[in-house]
Structure formats: structure tokens, C-alpha cells
Amino acid sequence: MTLLPISSPRDTRRLMLKLVAKHKLMAVTAMVCLLGAAGLSLVTAPLLGSIVDLAVAGDVSAITDRVLLVGGAALAQGILAFGGLTLVARLGERVLASLREDFVAQVLDLPLDRIEAGGSGDLTSRVTEDVAMISQAVRTALPDFIQSALVLGLTLVGLAALDWRFGVAALLAVPIQAATARWYVQRSGPLYTARRVAAGGEQQQLFESVGGAETVRAFRLNDEHVSLVGRKVDATIKLIVAVTRTQTQFFGRLNAAELVGLSAVLVAGFLLVQAGSVTIGAASAAALYFANLFGPINSVLFLLDTVQSAAASLARLLGVITMSDPVAESSAKSLVDGSVKAVGLRHSYVADHPVLHGVDLDIPAGSTVALVGASGGGKTTLAKLLAGVHEPTSGTVHIGGVAVSDMDRLTLRKAVVLVTQEVHVFAGPLADDLRLAKPGAGEEELRSALDAVGWRGPDLDTVVGDGGHALTVTQAQQVALARLILADPLLAILDEATAEAGSSGARVLESAAKAALRDRTGIVVAHRLTQAAAADSIVVLDHGRIVEHGTHAELVAAGGRYARLWAAWSAHRG
Ligand code: ADP
Ligand code: MG
């Protein structure tokens with residue numbers, strides 16, 4: 001099992017800056033507000049200090065003004081901080097929203113084998129836990145973290161401004177704090193990633209054991225699976241305990257740093273007042289400054305915890321988002337039309353058991369070709385090779401002049417959509433299901449796609465799929481055809497789309513298919529020969545070879561295999 005990639009810290013920083021830069025005005029305003037608030041918070045301690053001095057000097061009359069100033073500063077600081085924090089939170093939400101959209105878009109584009117290789121648990125834990133982790137950080141930790149960091153920096157400056165020796169005294173705490181932070185970051189980063197990976201593994205194991213419960217029971221693997229799940233859970237618990245232990249040690253060390261720093265500042269104040277270099281008020285202000293630092297320091301270093309886990313989660317989201325290949329846009333333009341040219345297609349699922357023996361096809365853009373033939377003849381295989389689902393063992397397929405094997409996923413999606421019998425209706429509102437094919441499509445557009453396929457089912461906001469409104473086979477196929485219309489590829493391949501629907505359903509689907517193929521090249525695996533008769537040309541496939549090729553009239557006149565099939569079909573219908 002290869003887990004999906006995780007982006008490097010450097011890439012993560014670069015991508016985040018790019019995302020934030022999209023909301024430059026908001027980011028700058030937020031910073032200005034928070035800086036203003038931090039600056040105002042500096043005013044309080046010297047003002048209180050000067051009140052002490054006035055009291056010491058017995059000059060009580062001027063105290064009222066100072067008290068009013070302290071109040072005013074606190075009020076302005078509150079307003080600015082509120083504004084700044086709100087803006088940071090809102091900015092975070094916006095960035096997160098676009099992040100989540102990119103993630104979903106990317107996941108829908110991922111080759112299935114890539115997701116399967118990582119196990120769906122890996123993907124699910126990224127979508128659920130990692131996104132939750134980041135939202136939580138964005139809502140609670142991030143604004144606080146930024147504000148505390150600003151207050152911290154500015155207060156140190158203020159402390160030094162009172163007398164540089166206070167600054168020096170306060171700095172005594174810094175080595176301990178720095179060492180603590182370093183120690184913590186080194187430890188917690190990998191711990192959080194490990195905890196998240198373990199949680200992903202645990203979820204995956206639960207999926208497998210619970211999802212495969214019947215198989216597990218049938219083969220009497222119960223005990224084995226219980227112990228498998230147990231091992232994964234144990235691993236998670238061990239990591240959670242390790243995280244908690246690390247946090248406790250971390251706060252213990254920070255308390256020691258506070259003790260050292262505050263003692264140093266008080267001793268410095270005592271000595272400086274004795275030497276007559278500063279007033280008692282200034283010494284009080286210095287002590288207040290330093291005490292004011294406890295909160296922000298603890299916040300910053302404690303939130304380092306949350307910011308760390310959010311960063312770990314972010315790296316996991318961005319790792320998936322950046323999986324796409326950058327050439328996508330450029331080659332999409334080079335498709336000239338929906339013409340199909342296949343040369344010498346051979347395919348074996350199992351070595352030495354070829355199921356296609358050199359198929360050549362040349363389909364002009366905009367025409368509809370019907371594939372006809374007995375079951376097992378290779379129609380589905382051919383459809384999948386043309387759609388790029390499988391690579392042919394040998395031979396080439398070009399769509400619109402571009403080799404399918406050279407197409408990246410985006411180009412492939414623009415070039416061809418294959419609709420098979422196994423239509424998956426995703427759980428959620430019908431509108432969302434349709435938008436898979438065209439994110440951002442308006443309701444009008446969705447309705448017109450549904451109208452085109454003769455939709456008589458529930459409305460756009462009805463929840464369909466697992467646990468929702470159950471769709472009939474015909475309706476599920478109609479949804480698939482409506483998605484096809486929305487995706488608007490140059491080539492559409494319909495494989496057995498009408499086979500299972502019963503005859504009234506089949507008629508609905510026949511006209512839906514016709515609408516879906518309008519204005520594009522179409523290949524239809526035709527079980528109902530009325531569909532073949534309506535096509536521009538017909539290819540008869542037998543035992544992996546093209547045995548007949550021509551228009552309906554030509555093939556009927558030729559009196560070969562198609563003519564016999566047609567005669568049987570007409571008699572049966574009559
Ligand atoms: P059709 O769609 O005309 O019924 P298929 O393309 O499904 O024909 O099948 C052609 C041949 O390939 C059959 O002999 C079938 O058994 C074989 N085949 C189809 N899919 C697979 C597969 N995944 N693995 C091995 N053999 C397969
Ligand atoms: Mg088939």
C-alpha cells in the first residue's frame with residue numbers, strides 16, 4: 001500500500017502564501033489592526049507605572065487623567081483586536097474553502113488505481129480529520145497565535161525601552177523558552193504526523209474489517225481481524241499518550257522559564273531603583289510588562305501545538321492537491337475534433353489470451369458508430385481501450401489527432417467520456433451529483449441537461465444515492481447521460497446503456513442517448529438494433545475481429561451476419 005503524497009514544508013509555505021495573496025487587502029487590514037492593538041497594549045504598563053510614581057510623590061490629582069487614558073487605550077485596543085481577529089478568522093475560512101474545493105476537484109480527477117493504492121482510509125482521513133483539524137486551527141488557534149506573537153515582540157521592545165537592562169534581564173528566560181520550543185517542535189511535528197497516519201491506518205483497518213464482515217465471518221477470520229484492529233488502535237493510543245506526555249513536560253519547562261525571567265526583572269528593578277537609574281513606577285511597569293508576557297508566550301508556544309498539527313494536516317491536503325500534472329491545460333487545446341483513429345488494436349487481459357486481434361477504426365468527427373456483435377466479442381474491451389481506461393497491449397488510439405496514451409487526465413476528460421452499465425450515483429443532492437461533471441454549473445444548465453435526457457425524476461435538491469431517494473436503473477442511466485452532456489466531451493462512448501432498463505426504459509434511454517450524442521462523435525454498443533439502424537455506420541465485432549463494416553442499408557443488402565441479426569430482431573419485434 002502506497003499512501004498518497006505529503007507536501008514538503010517548503011512547498012506548503014509557498015502554496016499558503018499564494019493562497020493568502022489572493023486576499024491581500026484583507027490580510028493587510030488584519031495585520032494593521034492587530035499591530036495597532038498590540039501597540040496600544042504597551043501603553044497600559046507605563047501608564048500604571050506613572051500612576052505608581054504619582055502616588056509615591058503624593059500627587060493624587062493627576063491620577064484621574066491617567067486612569068481615563070488607561071481605560072481609553074484598553075477600549076481602543078479591544079476594538080482593534082476584535083476587528084483584527086475577525087478578519088484573520090474570515091481570511092482563514094476563505095483560504096480553507098478554496099483549499100477544500102481544490103482538494104475535492106483533485107480527488108475526483110485522480111486515477112482510481114492511485115486512490116486504491118493508498119486505500120480509501122487514507123483519503124477519507126484526509127478529507128475528514130485533516131480538514132477538521134485545519135478548520136479548528138483557523139477558527140481558534142490562528143488569530144490568537146498571530147495576536148500573541150505580535151504582543152510578544154512589541155512588549156519585549158517596550159521593556160527594553162524602559163531601560164535596556166530590563167530587556168537583558170527578561171532575555172534570561174529566552175534560552176530556556178527557545179530550547180523548550182525547539183525540543184517541542186522537533187518532537188511534536190513527527191508525533192502529530194505519526195498520530196494522523198496511525199488514525200488513517202486505523203480507519204482503513206476498520207473499513208476493511210467491518211466492510212468485509214461477511215467474508216471475515218465466512219472464512220472464520222474473526223479473531224485475526226479483531227487483533228488486527230486492536231493492534232492499530234494500540235498504536236494510536238500509544239501515540240496519544242506520547243503527545244500528552246510531551247505537552248506536560250513542555251509546560252513544566254515554560255514555568256521554570258517564567259520563574260527565572262520574572263526573578264531577574266524584579267532583581268534588576270530593585271538594583272536600578274536603588275542606584276537611582278529608574279523610578280519605582282518604571283520598575284513596576286517592567287514587572288507588569290514581563291508578567292503580561294506569560295499569556296502570549298504560553299499561547300504562542302501552546303498553539304504551536306495546534307499550528308503544528310494543522311501544518312501536518314495542511315501538508316497532507318496539499319500533497320494531494322499538487323498531484324496533478326502541470327501540462328494539463330496546454331495539451332487540452334491541441335485536440336482538433338472528435339475524430340477517432342485506432343490502428344492495430346490488440347488486447348489481452350491475461351497473457352497469451354488475446355481478446356482483440358488487430359482492430360482498425362476510422363471514425364469521422366461528429367458521426368455515430370454502432371458496435372454490434374455477440375456477447376464476448378470484445379465490444380466492452382474495445383470501448384475501454386478507446387476511452388483510455390485500459391492501455392492496449394499493442395496498437396494506438398488517437399482522438400482529435402492526439403494519442404490517448406499521451407493525454408493527461410484533464411485532456412482525456414475533455415476528449416472522451418465512457419458511460420457504462422455500472423453507473424454510480426453519489427450520495428447527496430441530485431444537483432451536486434450532476435456538478436461532478438461540471439463544477440460550477442448553474443441550475444439552469446443542470447435543468448436543461450436533465451430536460452435533454454427526458455428526466456421525469458425528483459428535483460435538483462432531492463438527496464439521491466445511498467440513504468437518499470432511490471433511483472431506478474433507467475433514472476441512474478439518465479443521470480449518467482445528463483452528466484455526459486454537462487461534461488461535453490468530443491467523443492462519447494455508451495456501453496450497454498440501454499441493456500438493463502426493460503423495454504419502456506430502453507425507449508426512454510434511446511432518445512436520451514440520442515440527445516447526449518448530438519453534436520459530438522458517438523460510439524454506441526447497441527444491443528437493440530434500432531439503435532444500430534439509426535447510427536451513421538455499423539461495426540460488427542466477432543471474436544475480437546471486425547467482421548463487417550458499413551451503413552445499415554449496405555449491411556442489410558450484403559446479406560451477411562448483420563443482415564441475419566437484423567432479420568431476427570425485426571421478426572422478434574414484429
Ligand atoms: P463484449 O462486451 O462484446 O461482451 P468483452 O469485451 O466484455 O465483450 O469481452 C471480450 C473477451 O474478453 C471475453 O472473452 C471476456 O471473457 C474477456 N474479458 C473481458 N473482461 C476481462 C477481464 N477483466 N479479465 C479477463 N478477461 C476479460
Ligand atoms: Mg460488453
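**Helix H7**

I began with glutamate 208, which is found in helix H7 and counts as partly exposed at 41% relative accessibility. The model I am reading is a predicted one, and I keep that in mind for each of the values noted here. From glutamate 208 I looked across to histidine 225: the two are 17 residues apart in sequence, and their C-alpha atoms are 9.1 Å apart in space.

In helix H7, which covers residues 173-211, I also looked up leucine 206, and at 35% relative accessibility leucine 206 counts as partly exposed. For leucine 206 I took valine 138 as the partner, 68 residues away along the chain, and found 30 Å between the two C-alpha atoms.

**Helix H9 and what follows**

Next I checked the length of helix H9, residues 222-274, against expectation. The helix has 53 residues, so at 1.5 Å a residue it should span 78 Å, and the C-alpha atoms at its ends are indeed 78 Å apart, which agrees. The expected span uses one less than the number of residues. After H9 comes glycine 276, and its phi is positive, near 75°.

**Rings and a charge over a ring**

How many aromatic pairs does the count come to? I noted 3 aromatic pairs, with ring centres required to lie within 6.5 Å. One of them joins phenylalanine 290 to phenylalanine 294, with 5.7 Å from centre to centre and 85° between the planes, an edge-to-face arrangement. That label follows because planes over 60 degrees apart count as edge-to-face. Both residues belong to helix H10, residues 280-321, and because they are 4 residues apart there, about one helical turn separates them.

I then asked of phenylalanine 290: buried or exposed? Its relative accessible area is 3%, so phenylalanine 290 is buried, whereas phenylalanine 294, with a relative accessible area of 22%, is partly exposed. The limit for buried is under 20%, so phenylalanine 294 falls outside that class.

Elsewhere, I found that ring pairs link Tyr184, Phe250 and Phe251 into a cluster. I also recorded a charge over a ring: the charged end of arginine 253 sits over the ring of tryptophan 183, at 4.1 Å from the ring centre.

**Around ligand 1**

Which residues surround ligand 1? I listed Tyr349, Val355, Ala374, Ser375, Gly376, Gly377, Gly378, Lys379, Thr380 and Thr381. The largest share of this shell, 3 residues, comes from helix H12, which covers residues 379-386.

I then went through backbone contacts to oxygen atoms of the ligand. A polar backbone atom of glycine 376 is 2.7 Å from an oxygen atom of ligand 1, a polar backbone atom of glycine 378 is 3.0 Å from an oxygen atom of the ligand, and for lysine 379 the corresponding backbone distance is 2.8 Å. On its own, ligand 1 has 560 Å² of accessible area, and the protein covers 58% of that.

**Threonine 521 and serine 503**

Threonine 521 lies in strand S10, residues 521-525, and with a relative accessible area of 1% threonine 521 is buried. What does its side chain meet? A polar atom of the threonine 521 side chain lies 2.7 Å from the backbone oxygen of glycine 338.

Serine 503, by contrast in topic, took me to helix H17, residues 502-517, where serine 503 counts as partly exposed at 46% relative accessibility. I set it against glycine 395, which is 108 residues away along the chain, and found 38 Å between the C-alpha atoms of the two.

**Positive phi outside glycine**

I closed the session with two aspartates. Aspartate 352 is not a glycine, yet its phi is positive at about 70°; the residue lies in the loop between strand S1 (340-350) and strand S2 (353-363). With a relative accessible area of 73%, aspartate 352 is exposed.

Where is aspartate 488 placed? I found aspartate 488 in the loop between helix H16 (473-487) and strand S9 (491-495), with a positive phi near 50°, again in a residue other than glycine. At 41% relative accessibility, aspartate 488 counts as partly exposed.

Conventions:
Residues are numbered from 1 along each chain as its sequence is written. Chains are lettered from A and ligands numbered from 1 in the order in which they are written. This is a predicted model: local features need pLDDT of at least 70, side-chain atom pairs count only at pLDDT 80 or more; totals for chains, interfaces and linings use all residues. Side-chain values use heavy atoms; hydrogens and water are left out. Rings of Phe, Tyr and Trp (its six-membered ring) pair if their centres lie within 6.5 Å; planes under 30 degrees apart count as stacked, over 60 as edge-to-face and the rest as tilted. Buried means under 20% relative accessible area, exposed over 50%, partly exposed in between (1.4 Å probe, protein chains only). A charge sits over a ring if NZ of Lys or CZ of Arg is within 6 Å of the ring centre and within 35 degrees of the ring normal. A residue is near a molecule or strand if one of its heavy atoms lies within 4 Å of it. A polar contact is a pair of N or O atoms within 3.5 Å; within protein, one must be able to donate a hydrogen and the other to accept it, and residues adjacent in sequence count only if both atoms are side-chain atoms. Accessible areas come from the Shrake-Rupley method with a 1.4 Å probe; for residues, only the protein chains shown count as cover.
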